[in-house]
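Trainee: I should be grateful for a close look at the salt bridges in this predicted model. Please describe where the partners lie along the chain and how accessible they are.

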Amino acid sequence: MTEPRTGHVLLGVNVLVYGYIPAAWRSPLLGAQDFVEPAYWERIGRLAERARLDAVFLADALSLGDPAYDANPIRLDPAVVWAHIARTTEHVGLIATASTTFNDPVDLAARILTLDHVSHGRAGWNLVTTRDDRSAANFGLEQVIPRSRRYERGAEFAELSRALWSAAGTGSRVRHHGTHFDYDGEFRAPASPQGMPVLFQAGGSPGGRDIAARYADGVFTAEITLETAREHYRTVQAGAARAGRDPRDIAIMPGLLLTLGSTEEEARRRVDELYESSPSAYSAAWLSHAIGVDIATLDLDEQFPDEALRGPADPEIFTGSIGFRESILEQIRQTRPTVREYLRETRYSGSGHGGFVGTPEQLADRIEQWYRSYACDGFNLQPDILVDSLEVIADELVPLLVSRGLFRADYETTTLRGHLAAAAAPRDRMVSAPLPRWQRHCDG
């Protein structure tokens, strides 16, 4: 057997406004306008801290989403929301998603650093690029720039942002003369309370993985199967080693769509009811966008045709997430469902991100298996409905993880960077070491 891991699991929650299922807003626990009410966000922040979560993530959007497949078409500025929540919380990390495609690195570095000071060292930035033409139109462009250029810009954006944060409070001059940005001057801002805001990267494309390996403190990944998650885990760490970094300094946190119940049957009944009250065409439209195949052209009672499963996608033409597409197609190749079966099964097994439907005890088993198998360092949980699911996470899931020695009984640090370091210490991951025999067997 491999040596046991001696750190602990990282836990975050991806705050998809009301929840990841489109019908979440219909819950009697919510009002249709709660997303603009400070009290709602305060409730989410307090529940996350009651659960002793390491961080909360909030997505951004530069255009109105397409209601045909976007569960949360309206978004608020994450940095503004988290700055408000910083007043009502003390420990939970506050990670704001922001795109490198349509932001300016100096302005964004200042905004994230401001959040860092307001929260006393709990700020993080989840780096993404923007791939949709709707957003491009809001900036006077007919279409978004090609993927390769987006990731070149994203890498340079991350490099300059980190240089600015490093120089904050020192009086040092930052000199950056690159392809996309040119900066020569001081960054007049006080130094970060945690040394530097935490940088996460979201996405599984080659360009995204390169940014993660070179600059990120953590990666928000999309994984469905244990085998591919373990492969990606090693890929990112190996990339970090090639970039001259300690590969153990990057936390890998897959998203996990979840529905919890006191029994598995109850959880399945809950997710079925939520999906059945969602728009009937939602799943097919979302899947069409995610894999680049019009599901309406396929026979629902036949397996996916081979041409629909071919890959990889042309990165300069495909407009969806390459990471999501790879995860979904790998799941379909392994199980060979009919189109109708897959659309239904995604209620339980996830689509893009992995899925979980069951009891808190079963979820604790899942987290333990993936963590001890070196498939991840933790999870970004994505509940179907946030408000009641966070209560279950706080009152039932977390105590189970604590009792198994997988999670801390209370916060040990006061900064987000401190949370990441405490979870990883003492260091126990060696990317260069040969895999134990049982792990080599699992990899086939």
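Mentor: A helix is here a DSSP run of H or I with at least four residues, and helices are numbered from the N terminus. With that convention, the salt bridge between the side chains of Arg269 and Glu265 is a suitable place to begin; its N to O distance is 3.9 Å. Both residues belong to helix α8 (residues 264–276), and because they are 4 residues apart, about one helical turn separates them. An α-helix has 3.6 residues a turn, so residues three or four places apart point the same way. The two partners fall into separate accessibility classes: Arg269 is partly exposed, at 41% relative accessibility, whereas Glu265 is exposed, at 59%.

This pair is one of the salt bridges in the structure, for which a full search gives a total of 22. Others join distant parts of the chain. The side chains of Arg111 and Asp77 form a salt bridge at 3.8 Å, N to O. Here Arg111 is in helix α3 (residues 105–118) and Asp77 is in the loop between β2 and α2, with their positions 34 residues apart in the chain. Arg111 has a relative accessible area of 28% and is therefore partly exposed; Asp77, with 33%, is likewise partly exposed.

Asp306 and Arg336 also meet through their side chains in a salt bridge, at 3.8 Å from N to O. These partners are 30 residues apart: Asp306 belongs to helix α10 (residues 306–309), and Arg336 to the loop between α11 (322–335) and α12 (339–349). Arg336 is partly exposed, with 31% relative accessibility. Beyond the individual pairs, salt bridges link Asp365, Glu368, Arg372 and Arg404 in a network.

The surroundings of Asp77 merit a further word, since the loop that holds Asp77 lies between β2 and α2. Helix α2 (residues 78–85) approaches helix α1 (residues 38–50), the two axes coming within 9 Å and crossing at roughly 70°. The crossing therefore counts as roughly perpendicular. From α1, the contact involves Pro38, Trp41, Glu42 and Gly45; from α2, it involves Val81, His84 and Ile85. By class, these contact residues comprise 4 nonpolar, 2 polar and 1 charged. The buried residues of α1, among them Trp41, Glu42 and Gly45, pack against both β2 (55–58) and α2, as well as β1 (10–15) and α14 (386–403).

How values were computed: Residues are numbered from 1 along each chain as its sequence is written. This is a predicted model: local features need pLDDT of at least 70, side-chain atom pairs count only at pLDDT 80 or more; totals for chains, interfaces and linings use all residues. Side-chain values use heavy atoms; hydrogens and water are left out. Axes are lines fitted to C-alpha atoms, for helices over the stretch in contact, and angles run from 0 to 180 degrees between N-to-C directions. Helices (H or I, at least four residues) and strands (E, at least two) are DSSP runs, numbered from the N terminus. Angles under 35 degrees count as roughly parallel, over 145 as roughly antiparallel, 65 to 115 as roughly perpendicular and the rest as oblique. Contact means heavy atoms within 4.5 Å. Ala, Val, Leu, Ile, Met, Phe, Trp, Tyr, Cys and Pro count as nonpolar, Asp, Glu, Lys and Arg as charged, and the others, Gly among them, as polar. Buried means under 20% relative accessible area, exposed over 50%, partly exposed in between (1.4 Å probe, protein chains only). A salt bridge is a side-chain nitrogen of Lys or Arg within 4 Å of a carboxyl oxygen of Asp or Glu.
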